[in-house]
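Thanks for coming. I have one structure to go through today, and I will take it topic by topic. Please have a look at it first.

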Amino acid sequence: MSTNHNSELVRKIFEAYLENKSLRKTPERFAILEEIYSRDDHFDVETLYIHMKNQKYRVSRATVYNTLELLVSCDLVTKHQFGKNMAQFEKSYGYHQHDHIICIDCGKVVEFCDPRIHQIQSMVGDLLKFDIKHHSLNLYGICFDCKAKTLPVVNTEIQHAN
């Protein structure tokens, strides 16, 4: 699915959701939606707000918060709580199920997909007679960069005796 086609579809879904809930279809809400769907990362509210301000969008912090909640409600955005007090978000329409590994030092989030997890999900669902709709798996550890910062520096200079 092309990005342009995807963004048109997402916009139509959001428009229909707003109409169904008798909410206003403001340019700010659609600018926020567009900005989110142009990103390829996880983000928090403050990061999105600052980025939009730097792009000269006239949006308030409250509008960003409220629009994100609407987008989560209509399944266009997924909200994550990766162990910190700050929620992170990512676009979700048309994106495959995936899991996350999170660095407990720097907060870096890496997505991964392993078909064995889906197999386990299916097997457990069958075994326990559940129709599983989705899952959430977050692994926490220390990333390579943070681990490298904690390793002692080895002095490789060769000392020559006189």
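I will go through the cysteines, then one helix, a surface patch, the salt bridges and a few single residues.

One thing to keep in mind throughout is that this is a predicted model.

Let me start with the cysteines. The UniProt record, an unreviewed entry, places the feature "binding site" at Cys103, Cys106, Cys143 and Cys146. These four positions span 44 residues in sequence, but no two of their C-alpha atoms are more than 8.2 Å apart, so they gather at one spot.

Now take them one by one. Where is Cys143 in the fold? Cys143 sits in the loop between strand 5, residues 138–141, and helix 6, residues 144–150. Its relative accessible area is 14%, so Cys143 is buried, the cut-off for buried being under 20%. If we set aside residues up to four places away in sequence, Cys143 touches Cys103 and Cys106.

Cys146 is in helix 6. Cys146 is buried as well, at 6% relative accessible area. Again without its neighbours within four places in sequence, Cys146 contacts Cys103, Asp105 and Cys106. So both Cys143 and Cys146 reach across to Cys103 and Cys106.

Is Cys106 buried, partly exposed or exposed? With 45% relative accessibility, Cys106 counts as partly exposed.

With cysteines gathered like this, you may ask how many disulfides there are. The count is zero. For Cys106, the closest cysteine sulfur belongs to Cys103, at 3.7 Å, and that is too far for a bond, because a disulfide needs the two sulfur atoms within 2.5 Å. Away from the annotated positions, there is also Cys74, which is buried at 12% relative accessibility.

Next, helix 2. This helix covers residues 27–37, and eight of its eleven residues are buried, so I would call it mostly covered. Which residues are the buried ones? They are Arg29, Phe30, Ala31, Ile32, Leu33, Glu35, Ile36 and Tyr37. Note that the list includes Arg29 and Glu35.

Now to the surface. There is a nonpolar patch of about 720 Å². Ile120, Met123, Val124, Leu127, Leu128, Phe130 and Ile132 make it up. As one example from the patch, Leu128 lies in helix 5, residues 115–128. Leu128 is exposed, with a relative accessible area of 54%.

On to charges. The model has eight salt bridges, and I will show three of them.

The first on my list joins Lys25 and Glu19, with their closest N and O atoms 2.6 Å apart. Lys25 is partly exposed, at 41% relative accessible area.

Then there is the pair of Glu46 and Arg61, whose side chains meet at 2.8 Å, N to O. This pair links distant parts of the chain: Glu46 is in helix 3 and Arg61 is in helix 4, residues 61–73, with their positions 15 residues apart in sequence. Glu46 is partly exposed at 29% relative accessible area, and Arg61 is partly exposed at 36%.

My last example is Asp131 with Lys133, a salt bridge of 2.7 Å, N to O. Here Asp131 is exposed, with 59% relative accessibility, and Lys133 is exposed too, with 66%.

Staying with helix 3, residues 45–54, Thr47 is found there. Thr47 is partly exposed, with a relative accessible area of 35%. Its C-alpha atom is 9.8 Å from that of Gln88, and those two residues are 41 apart along the chain.

Finally, a note on the backbone. Lys56 has a positive phi of about 70 degrees although it is not a glycine. Lys56 lies in the loop between helix 3 and helix 4, and Lys56 is exposed, at 71% relative accessibility.

What is the phi of Asp75? It is near 65 degrees, again a positive value in a residue other than glycine. Asp75 is in the loop between helix 4 and strand 1, residues 77–80. At 58% relative accessibility, Asp75 counts as exposed.

To recap the main point: the four positions that the UniProt record lists as "binding site" are all cysteines, they gather at one spot, and the disulfide count is zero. That is what I have for today.

Methods
Residues are numbered from 1 along each chain as its sequence is written. This is a predicted model: local features need pLDDT of at least 70, side-chain atom pairs count only at pLDDT 80 or more; totals for chains, interfaces and linings use all residues. Side-chain values use heavy atoms; hydrogens and water are left out. Buried means under 20% relative accessible area, exposed over 50%, partly exposed in between (1.4 Å probe, protein chains only). Helices (H or I, at least four residues) and strands (E, at least two) are DSSP runs, numbered from the N terminus. UniProt positions are given in the numbering used here, feature names are shortened, and annotations may be inferred rather than shown by experiment. Contact means heavy atoms within 4.5 Å. Patches are made of residues with over 30% relative accessible area and no salt bridge: like charges are joined within 9 Å, nonpolar side chains (Val, Leu, Ile, Met, Phe, Trp, Tyr) within 5 Å. Accessible areas come from the Shrake-Rupley method with a 1.4 Å probe; for residues, only the protein chains shown count as cover. A salt bridge is a side-chain nitrogen of Lys or Arg within 4 Å of a carboxyl oxygen of Asp or Glu.
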